[in-house]
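Me: I'm new to this one, and I'd like to learn how to read its features step by step. Could you walk me through it?

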Amino acid sequence: MAVIPWPLTPRIAAKPPALAVARQSASDEVAAIAAALIQSRQTILPKRLGAPGPDAEELAQILNAAAHAPDHGQLVPWRFVLVPVLARAALAEVFAQALLERDPAATAEQAAQAREKAHRAPVLMLVVVDAQCGDPAIDVAERLVSAGCAVQNMLLMATAQGYGSALTSGKALQSPHLRQLFRLLDSEQALCFLSVGTVQARKSARARPAASTYVSTLDIRQAGVPT
């Protein structure tokens, strides 16, 4: 059995023919573009996302990107609910109600701050995951992984278009008022909100962990293999 070394080391190969060189060059260029896109994605808080947001064609590209996520059984166990401007006031009241459910002593100022969150970012949508649709044998963990991949595709597409984006969560996602507003099924879970817009302010990029801190190689000599 071949052993995969880690960290990976480049392999010195024989000089390839011209066609192979051209194909490798094109492949390297695509890989470089993908790496640049992935590395440039950054969470921009919704309060720092303003107009203009994606137009109809750009938004369609963002939403269509989700369809290319891994999806065991082709369940499409996730969906996205856009919150247009006309629906923001209703969502704002849900946020305020959710706050008062958790803290009946919340002040009017705190309730106003909760309402304000519904009016940030030109594009706002709720990410919903269904734990039971389709094949019941496909575990909810796989559905959540699929949803995460779909969301990442959308974030990367928004980044490629030049927009900022963010995922936000919070206890309001568990509110019965929010479930009622979005007409969630009993089997559905509100996973997070996704916001997209033009970056108004940006923090410096945070340090990312090196692959060596989260990658290892299975050593069969030390593994707990049953005998």
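Me: Let's start with one residue. Where is the place of Ser-175?

Reply: Keep in mind that this is a predicted model. To place a residue, look for the elements on either side of it. Ser-175 sits in the loop that runs between strand S4 (164-168) and helix H6 (176-181).

Me: Does being in a loop tell me about cover? Is Ser-175 buried or exposed?

Reply: Read the relative accessibility for that, where under 20% means buried. Ser-175 has 2%, so it counts as buried.

Me: What does the side chain of Ser-175 reach, and which residues does Ser-175 touch?

Reply: Look at side-chain atoms first, then at neighbours from elsewhere in the sequence. The side chain of Ser-175 reaches the backbone nitrogen of His-177 at 3.1 Å. Leaving out residues up to four places away in sequence, Ser-175 touches Ala-98 and Glu-101.

Me: Is there another residue in that loop that I should look at?

Reply: Try Ser-169, which is also found in the loop between S4 and H6. Here the reading goes the other way: Ser-169 counts as exposed because its relative accessibility is 64%, and the cut-off for exposed is over 50%.

Me: How far apart are the C-alpha atoms of Ser-169 and Cys-192?

Reply: Sequence separation and distance in space are two separate readings. These two residues are 23 apart along the chain, and their C-alpha atoms are separated by 4.8 Å.

Me: Now pockets. How much space lies in the largest pocket, and which residues are closest to its centre?

Reply: With a pocket, take the volume, then the lining. The largest pocket holds about 500 Å³ of space. It is lined by 20 residues, and those closest to its centre are Phe-95, Ala-114, Lys-117, Arg-120 and Ser-169.

Me: Which elements supply at least two residues each to that lining?

Reply: Three to mark on your view: helix H3 (85-102), helix H4 (108-116) and strand S5 (188-199). By residue kind, the lining of the largest pocket divides into nine nonpolar, six polar and five charged.

Me: What about the backbone? Which peptide bond is cis?

Reply: Check the omega angle. The bond from Ala-51 to Pro-52 has omega near 0°, and it is cis. You'll find Pro-52 in the loop between strand S1 (49-50) and helix H2 (56-65).

Me: And phi? Which residue has a positive phi of about 50° although it is not a glycine?

Reply: That's Gln-74, in the loop between H2 and strand S2 (78-82). Its relative accessibility is 71%, so Gln-74 counts as exposed. Ala-121 isn't a glycine either, and its phi is positive at about 70°. It lies in the loop between H4 and strand S3 (123-130). Ala-121 is buried, because its relative accessible area is 8%.

Me: Let's zoom out. How many helices and strands does the protein chain have?

Reply: Count the elements, then read their order. The chain has six helices and five strands, and along the sequence they follow the pattern α-β-α-β-α-α-β-α-β-α-β.

Me: What share of the residues counts as buried, and what share of contacts joins residues at least 24 apart?

Reply: Of the chain's 227 residues, 31% count as buried. For contacts, consider pairs at least 6 apart in sequence: 82% of those join residues at least 24 apart. As for the surface, the accessible area of the chain comes to about 14,800 Å², with 59% of it belonging to carbon and sulfur atoms.

Notes:
Residues numbered from 1 in each chain as written. Predicted model: local features only at pLDDT ≥ 70, side-chain atom pairs only at ≥ 80, totals over all residues. Heavy atoms only, no water. Helix = DSSP H or I, 4+ residues; strand = E, 2+ residues; numbered from the N terminus. Buried < 20%, exposed > 50% of the residue type's maximum accessible area, 1.4 Å probe, protein only. Polar contact = N/O pair within 3.5 Å; in protein donor to acceptor, adjacent residues only side chain to side chain. Contact = heavy atoms within 4.5 Å. 1 Å grid on protein atoms, 1.4 Å probe; cavity = no way out; pocket = protein on both sides within 12 Å on 5 of 7 lines; lining within 4 Å. Points joined across faces, edges and corners; volume = space filled by probe spheres on them. Nonpolar A, V, L, I, M, F, W, Y, C, P; charged D, E, K, R; others polar. Areas by Shrake-Rupley, 256 points an atom, 1.4 Å probe, with all protein chains shown as cover.
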